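User: Could you take a close look at the enclosed empty spaces for me? I am new to this, so please explain the terms as you go.

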Amino acid sequence: MCREGGCGACVVTLSNNDPVTGNKQCRAVNSCLLPLLSCHGSEITTVEGIGNKKDGYHPVQSQLADMNGSQCGYCSPGMVMSMYSLLQKNSGAGVTMKEIESSLGGNICRCTGYRPIMDAFKTFAKDAPQELKSRCVDVEDLGNAICPKTGSACQGHCESNGLAKVVDGEIFKMGNWYRPESLEQLMALLSSFGREVKYRLVAGNTGTGVYKDDGPYDVYVDINKIGDLYQVSKESPLIIGGGINLTVMQETLSSIGSTNPDYWYAVTLAEHIEKIGSVPVRNAGSIAGNLMMKHGHREFPSDLFIVLETVGAKITIISCKREIQQLTLEQFLETDMNGQIILHVTLPPLSTDHIIKTFKIMPRSCNAHAYINAGFCAKISRQENIRIVGKPTIIFGGIRTSLVHAIETENFLADKFLDDEMTFQNALKMLDQELCPEEHLLNPDSDYLKTVAQGLFYKFVLTIIGDKAAPEFRSGALNLERKMMSGKQDYDTDSKEWPVNQPTIKVEARAQCSGEAKYIDDIPVCSDELFGVFVLSTVANCYIDQIDASDALKIDGVVAFLEAKSIKTDNLFVFAQGAFDSQNNEEVFCSGKVLYAGQSLGLIVASSQSIAARAAKLVRITYKDHQKPVLTIKEAMKNPERTMIHAAFGPPNVFDAGDVQGGFSSSETVIEGEFEIGTQYHFYMETLVAVCVPVEDGMNIYCSTQDQDAVQNAVARCLKLHKAQVNVETRRLGGSYGGKISRSTLVATACAIAAYELSKPVRISLDLDSNMALVGGRLPYYCQYKAGTDKDGVIQAVDMKIVSDCGGNFNEGTAFFAASFAKNCYAAKSWKFTPFLAKTDTPSNTYCRAPGTTQGIAIIENLIEHLAKIRQEDPLEFRLKNLNTSGNEEANSMRKIIDEVRRSSEFDKRLGEIKEFNSNNRWKKRGINLLPMVYPVESFPFRYNVLVAIHHEGGSVAVSHGGIECGQGINTKVTQVVARELGIDISLISVKPTNTLTNTNGSVTGGSVTSEMNCYAAMKACQDLKNRMLPIKEKLPDASWSELVEQCFNSNIDLTARHYYTSDDKVRGYIIHGATVSEVEVDVLTGEKLLRRVDILEDAGQSLSPLIDIGQIEGAFVMGVGLWTSEKITYDPHTGQKLSRGTWNYKPPVNSDIPMDFRITMLKNAAHPNGILRSKATGEPPLCMSVSVLFALRSAVDAARSDAGNPGWYRMDGPATIDKLHKMMLTNSAQYLFQ
């Protein structure tokens, strides 16, 4: 999906023989980085190869499915293969829970929040608690998979695969791919190339995930069979071959560190190497490959380079002339490596009077490149004073390209007494002069880099001086410690209602975990199918001057280039005044004015995806009349044409209540402030995909969309067809979160235009980079606010200007929704909220899970925090004082939920412990927050068809509903409702793909209510069927279901029923209440954070499906954690190009970013009469409560600022990334003291 080894969706098991021992080894690798020819002689096992419905599922597959670890399912095969690979690698030795958590660090899941995945896999751990072990299958079932060739257990070897090959001498060769099997062959091969041939040595090929534009290369040389590059000598000195992968290096260092006293420090290096990439990346990436990446790209913050240089390791290289040199790492950087290879690295023995510390500071907890990394080593003499013997080692990465050693600081500290504070302060000043960080748009600013670099040096010194530092400073030497994740889920279930309200696994979960679940791009390719790749603009706010596709059209296999001026169809996919508050038309292909960088300018169509992608890069575009792009709301607000009041869903004064100005006049405390919230990419794992097939009556469209009606409408208009001639079908989505509403229509319409123009089936499947460039995300927000309280702290007046950034047009604004939710659960004598839309030169932003509601609640909660701070009141007590307690039952429910979560989470006890912790620790701070939420759910004017058809032979039931399964469990909930209503087993029910025939005139899937409304329609359809069948039932009271159905069929009773849900069904709205307690810890010296514990209590009514709803709560909350802590989008200020594309530069949470202790409770005895089958929605409200994490961080930052002497109010926008947190804590080197 990402083509970077960053998401884990493509993980497979690679099995081959060790080039030295010949023993079979198994490991997880990213198939997107694995060259096919490098697999020659190896075995690749995919998720389909370990189990399926026909032959039986592997325990890893069934365990993940049965413990609710699969929602949309797109990440599930990668998760399964990561775990399977770990079990195969450790076969016989068993695995630990820590190993399992580490093995999943490279697998992204946007749906589940990770907890059920880790719980499912931890059942296989030898140190799992009994409660988890009791849920595990028999360990004996974890044996080798069945070989499809022999029908018996895999023996670990196969016959030759018969791959055709060409041999030059003794070297395997295919095309420009060579595989020498000895060092001599390799040297001879390199000699034969000379300097004119550009070659690439390939070990793991992981570097292509970082530097995609390296090359092109004339020749590729696979070095995986050269045994000399895989030698390890564990004696002194320790020698490790350059071809060895980072996992083996890590394991070697861990082992030797506990057995060879000369290498006591090796464990420290191993711990740092574990922070490089992910397990599949480390399983493939080699020592030499990592170092050569640093050699070719000096800016690359190589962690391996840092740890090796810290201990003074040497590199041995050999030239094609057989000349051998041993170099320092700095000498290696200056050496011409053409015709030379890294043979091995040598680590020196070090005495135990050395102190070694290495650090990696990154934007999230793992699987991320370093913002800054560092290594320190010093030989220490401990007598009355602590003296550095000789010169220490002080090195940094990520500061600037030319900096390795802080040479002047090293020289200054030679033979100095390190526990002398004046000496340390002088060293800090010298280091300050040496660092001189380079600025880069995607990195934190130079102030952060410099202060953190000094802070890491301070950490090192604190480690050395130990108890000579004051007690409150000692925690600075320690890193944040993440313990094993644990979770608790609490809910009630009524067996009398089963299968509704029964904890049930998703009906398609096992298919998803075995790779049998099919997504749009799994549709088999037709024999004459073509592939489309967009040509995207690279500049915003300009006009097209010329598009020249001549070079692209010369490539064999390129069929056409389609652009606005060449197509014979219409060119719009969004229509002004259309659905979803569309204010402006949107073009499929830009016809002149380029609104944003990433806009679609045209489409290359070719015979293969790879040819189309290569050709698209050759299309040359020139621009004219380029103006500086407007990229922020504040910039847009300077131009009246770029803003408008958002009144699409009601008059602009709908939020005015009471006399605001009078309220301010009577207030004792009045505050004013600003609050900004950044955008968030949806990060659905399945990118936008469409397959369009011309048929005799029009066009068949298979696309990953939440809104089939919009696709049908846009394609029909563009192609000038009747809507009935456009057939849209979707089985499931690999995640969506609102990002596949209007934007999927763009891709489907472009695809349909190509299919129509060329009269051939066409497929468009975006890669992650293109998807992120083309598509916007959650709308950014800016709020100006003013509020006042009386002398008792009771809110008198609130005035807010709420502005949402729609991107390159005014479509899909959400400011009205934000204003609707901006009261949350609070009361005031007067309110005034004015919602605005802003237009910037960025990709069109879209609805994203809990659109507007998330920001509305965050805005009022920020205001509450501001008032409480200015009044010096406890934030929770201030909230309670201002709760809306108007006397009705709904209002009083909020207080009950707050009291309950306050009690169950031991909030008051923990608050006291946190205050004590903070008073005793200058460099670690903790914070806690309790945040309430009121989430009104209206009766949306949506329309959904549900058709229920009973087959007369056997009584099985087919269901087609109007929603799209995108991980929320709609198929499962509908199945449970149908089973309950008809009184049959779930196994008899089959849910069919959604299409525009059975769901004609259907609505979008979204708003957290689609599942409920389709369940309601399914219930009505079933009731209709039961009424038809009742006369036969009365005649045959003892008949089985199948007998009853057969008799009804024979009596000519129509066994198909349909219900069309509309607002005429008069399903009433309701209110969801919830409360969250979040506890965090931050490292004041680095800005790193740890989410220690989260308790969520939510009123879900009587859940239709408790396991599904628990998963929705966890997944939504963790998505919100990303919004508020790590997911940041950066644009080039000159071109407007989105720079945060792909997994290298955009960081959603991974499994080690979720709460260490994650407790979810659905309110008990909470069946709601207005909810469908007494249930309530769960998909979006928890995301609104995730801002609790931001305010817990504020609590921790408050403590740090108090220590820094500035306890007043400060602005804290989202996301609170580590560099922002660090800056807000006012950390600077003048505070780095011993006493």
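How many cavities of 30 Å³ or more does the structure hold?

Analyst: Happy to help! This is a predicted model, where local features need pLDDT of at least 70 and side-chain atom pairs count only at pLDDT 80 or more, while totals for chains, interfaces and linings use all residues. Residues are numbered from 1 along each chain as its sequence is written, and side-chain values use heavy atoms, with hydrogens and water left out.

The structure holds 10 cavities of 30 Å³ or more. A cavity is a set of points, on a 1 Å grid over the protein atoms alone, where a 1.4 Å probe fits but cannot get out; lining residues have an atom within 4 Å of a point. Points are joined across faces, edges and corners, and a volume is the space filled by probe spheres set on them.

The largest cavity contains about 210 Å³ of space. It has 18 lining residues, and Pro363, Tyr371, Leu442, Lys1128 and Asn1145 are the closest to its centre. Domain 2 (352-445) and domain 3 (871-938 + 1069-1225) each give at least three residues to this lining; the domain bounds come from an automatic or database domain assignment. Helices H33 (1142-1145) and H36 (1218-1224) each supply at least two, a helix being a DSSP run (H or I) of at least four residues, numbered from the N terminus.

The second largest cavity has a volume of about 80 Å³. Its lining includes Val937, Glu1012, Tyr1061 and Ile1172. Because domain 3 (871-938 + 1069-1225) and domain 4 (944-1065) both give residues to that lining, the second largest cavity lies between them.

How values were computed
On a 1 Å grid over the protein atoms alone, a cavity is a set of points where a 1.4 Å probe fits but cannot get out, and a pocket is an open set with protein on both sides within 12 Å along at least five of seven lines; lining residues have an atom within 4 Å of a point.
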